[in-house]
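Let's take a relaxed walk through a protein structure, beginning with one pair of charged side chains and working outwards. Keep the 3D view open while you read.

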Amino acid sequence: IRSTAGQLLVPAVYDEISYREGFFQTQKSKLLGLLHPDGRELLKPQADDIQIYSDSLFFYKNGHRWGAVDVAGKAVIPVEFDYFKRISSNFIKLVANGKKYIYSIAYGKLIAAGDYDDFYPFSKKFVIVKKDRQLGLLDWIGNVVLPSAFNEIQPYSKGQFRVNKRGKWGILDERAVERIPFEYQYISPLK
């Protein structure tokens, strides 16, 4: 690969190079790798599959397991997951051996490692967690905002949540402080 100015960016060391979603996928001995557009190797040819998740996160599969590298080529998710799924613009759910994990894109780390039964989208800043059939809320760096003790959690107003506990509705803030007690059949969402 040469730059538009004719400078050699990538020497001829691969069996094949193809342009894919703004990056170059390489192949050598039937294994896939990934190059940045400037020619830097983000992932040496070692993968059976590559999924370009974003312009800064790249999943790759070795055997039956997935992991990910960032735009610097640094491993940010170890190659030990059965599958991954975007659950919001900032959170990725990963599964390994039946356990579920959550990765925060903004924080660049796994923030919950097998401690919860499942995860659901909520917002860019928060993710709903489920444990023992109860819901809670984590923030984007993994702090527990609301413990897993509720039947339903919905946004209410900035920094506040409509929360159902044992059939009664109340309002909690981001510090889990009760703003409206849990004594109402229903609290309407704000418009």
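Start with Arg-65 and Asp-82, whose side chains meet in a salt bridge, with 2.1 Å from N to O. This pair links distant parts of the chain: Arg-65 sits in strand 7, while Asp-82 is in the loop between strand 8 and strand 9 (83-86), 17 residues apart. One thing to keep in mind as you look around: this is a predicted model.

Are these two partners buried or exposed? Neither label fits, because a residue has to be under 20% relative accessible area to be buried and over 50% to be exposed. Arg-65, at 27% relative accessibility, is therefore partly exposed. Asp-82, at 30%, counts as partly exposed too.

**Other charged pairs**

What lets side chains like these pair up? Side chains of opposite charge can pair when their charged atoms come close. A search of the whole structure turns up eight salt bridges. Here are some of them:

| Pair | N to O distance |
|---|---|
| Arg-65 and Asp-82 | 2.1 Å |
| Asp-118 and Lys-93 | 2.8 Å |
| Glu-174 and Lys-125 | 3.4 Å |

Take the middle row: Asp-118 and Lys-93 form a salt bridge, their closest N and O atoms being 2.8 Å apart. Again, distant parts of the chain are linked, with Asp-118 in strand 13 (residues 118-121) and Lys-93 in strand 10 (residues 91-96), 25 residues apart. Both Asp-118 and Lys-93 are buried. They also belong to a network of salt bridges that links Lys-93, Lys-100 and Asp-118.

Now for the last row, where the side chains of Glu-174 and Lys-125 meet at 3.4 Å, N to O. Glu-174 lies in the loop between strand 19 (168-173) and strand 20 (178-184), and Lys-125 in the loop between strand 13 and strand 14 (126-131), so this pair ties together parts that are 49 residues apart in sequence. Glu-174 has a relative accessible area of 32%, so it is partly exposed. Lys-125, with 39%, is partly exposed as well.

**Back to strand 7**

Remember that Arg-65 is in strand 7? That strand is part of an open sheet of four strands, ordered 5-6-7-8, with antiparallel pairing. At the edges are strand 5 (49-52) and strand 8 (75-81), each of which pairs on one side only. From one strand to the next, the twist averages 15 degrees.

How do strands hold on to one another in a sheet? They pair through backbone hydrogen bonds, either parallel or antiparallel. Here, strand 7 (residues 65-70) and strand 8 run antiparallel and are joined by three bridges. If you'd like a spot to zoom in on, find Ala-68, which stands opposite Ile-77 in strand 8.

**A nonpolar patch**

On the surface, Tyr-107, Trp-140 and Ile-141 make a nonpolar patch of about 250 Å². Trp-140 is found in the loop between strand 15 (134-139) and strand 16 (144-150). With a relative accessible area of 33%, Trp-140 is partly exposed.

**Zooming out**

How many helices and strands does the whole chain have? The count is zero helices and 20 strands. The radius of gyration is 21 Å, well over the 16 Å that the globule rule gives for 191 residues, so the chain is more spread out than a compact globule. Along its principal axes, the C-alpha trace spans about 70 × 35 × 20 Å. Of the 191 residues, 39% count as buried.

Key
Residues are numbered from 1 along each chain as its sequence is written. This is a predicted model: local features need pLDDT of at least 70, side-chain atom pairs count only at pLDDT 80 or more; totals for chains, interfaces and linings use all residues. Side-chain values use heavy atoms; hydrogens and water are left out. Patches are made of residues with over 30% relative accessible area and no salt bridge: like charges are joined within 9 Å, nonpolar side chains (Val, Leu, Ile, Met, Phe, Trp, Tyr) within 5 Å. Accessible areas come from the Shrake-Rupley method with a 1.4 Å probe; for residues, only the protein chains shown count as cover. A salt bridge is a side-chain nitrogen of Lys or Arg within 4 Å of a carboxyl oxygen of Asp or Glu. Helices (H or I, at least four residues) and strands (E, at least two) are DSSP runs, numbered from the N terminus. Buried means under 20% relative accessible area, exposed over 50%, partly exposed in between (1.4 Å probe, protein chains only). Two strands pair if DSSP finds at least two bridges between them. Axes are lines fitted to C-alpha atoms, for helices over the stretch in contact, and angles run from 0 to 180 degrees between N-to-C directions. The radius of gyration is taken over C-alpha atoms; the globule rule is 2.2 Å times the number of residues to the power 0.38.
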